[in-house]
Every structure is written in C-alpha cells, then in structure tokens.
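Work through the exercises below with the model open beside the text. Each task is followed by a solution that proceeds step by step.

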Amino acid sequence: MDIQKNLLELEVSAQRISDGVAAVRIMVLGLEGMGSEYTGAFHAVWNYLAEAEREFQKQLAVCLETV
C-alpha cells in the first residue's frame, strides 16, 4: 500500500470538501442579500465547516511533506 498515493487521493477528497464549503458560503451571501432570518444559522455552519477544512488541509499538507 503506497501511503503517498493514498494521501494524494485524499487531497482530491479535500478539494471536494472545499467546493462544498464554498457552496455554503455562496448560500450565506445570498441569504444575507435577501435579509433572511436564516443567515446567521448558515453562517455558523459555514464558519464551522471552513475551520474544519482549514485544519484538515493543514494536517494533510504536513502528511504530504513527511512522505
């Protein structure tokens, strides 16, 4: 089992996560523009996911550097 190959495949999954976080951010912007009462809730979800994504990307980069 090639660890570097697996980590690179994980990087592809990380990009999908990043795309999903970006989609939630766009929803937040749209709800903000509409003055929706749900803006705060979606912003909280976006913030949580964006923070998790940053940490995931950081840890993945460390793993890729050590292989």
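**Exercise 1: the loop**

Task: classify Gly-35 as buried or exposed, and state where along the chain this residue lies.

Solution. In this predicted model, Gly-35 has a relative accessible area of 60%. Exposed means over 50%, so Gly-35 is exposed. Its place is in the loop between H1 and H2. As a further step, consider the distance to Glu-11, which is 24 residues away along the chain: the C-alpha atoms of Gly-35 and Glu-11 are separated by 36 Å.

**Exercise 2: overall form**

Task: describe the secondary structure of the chain, and set its radius of gyration against that of a compact globule of 67 residues.

Solution. Begin with the elements: the chain has two helices and zero strands, with H1 covering residues 3-34 and H2 covering 39-66. Next, take the radius of gyration, which is 15 Å for the chain, whereas a compact globule of 67 residues would have one near 11 Å. Then turn to the principal axes, along which the C-alpha trace spans about 50 × 15 × 15 Å. Finally, look at the contacts with a separation of 6 or more, of which 62% are made by residues 24 or more positions apart.

**Exercise 3: the core**

Task: identify the residues of the largest nonpolar core, and find which helix gives the most to this core.

Solution. The largest nonpolar core consists of five residues, namely Val-21, Val-24, Val-28, Trp-46 and Ala-50. Both H1 and H2 supply at least two residues of this core, and H1 gives the most, with three. Val-21 illustrates how a core residue is surrounded: when its neighbours within four places in sequence are left aside, Val-21 is in contact with Trp-46, Leu-49, Ala-50 and Glu-53. For the chain as a whole, buried residues make up 19% of the 67 residues.

**Exercise 4: two residues of H1**

Task: decide how Leu-31 and Met-27 are to be classed by accessibility, and describe the surroundings of each.

Solution. Leu-31 lies in helix H1 and has a relative accessibility of 16%; because buried means under 20%, Leu-31 counts as buried. Not counting residues up to four places away in sequence, Leu-31 touches Ser-36, Tyr-38, Thr-39 and Phe-42. Leu-31 and Phe-42 are 11 residues apart in sequence, and their C-alpha atoms are 8.5 Å apart in space.

Met-27, also placed in helix H1, has a relative accessible area of 39% and is therefore partly exposed. Together with Tyr-38 and Phe-42, Met-27 makes a nonpolar surface patch of about 300 Å².

Key:
Residues are numbered from 1 along each chain as its sequence is written. This is a predicted model: local features need pLDDT of at least 70, side-chain atom pairs count only at pLDDT 80 or more; totals for chains, interfaces and linings use all residues. Side-chain values use heavy atoms; hydrogens and water are left out. Patches are made of residues with over 30% relative accessible area and no salt bridge: like charges are joined within 9 Å, nonpolar side chains (Val, Leu, Ile, Met, Phe, Trp, Tyr) within 5 Å. Accessible areas come from the Shrake-Rupley method with a 1.4 Å probe; for residues, only the protein chains shown count as cover. A salt bridge is a side-chain nitrogen of Lys or Arg within 4 Å of a carboxyl oxygen of Asp or Glu. Helices (H or I, at least four residues) and strands (E, at least two) are DSSP runs, numbered from the N terminus. Buried means under 20% relative accessible area, exposed over 50%, partly exposed in between (1.4 Å probe, protein chains only). A nonpolar core is a set of buried Ala, Val, Leu, Ile, Met, Phe, Trp, Tyr and Cys residues joined through side-chain atoms within 4.5 Å. Contact means heavy atoms within 4.5 Å. The radius of gyration is taken over C-alpha atoms; the globule rule is 2.2 Å times the number of residues to the power 0.38.
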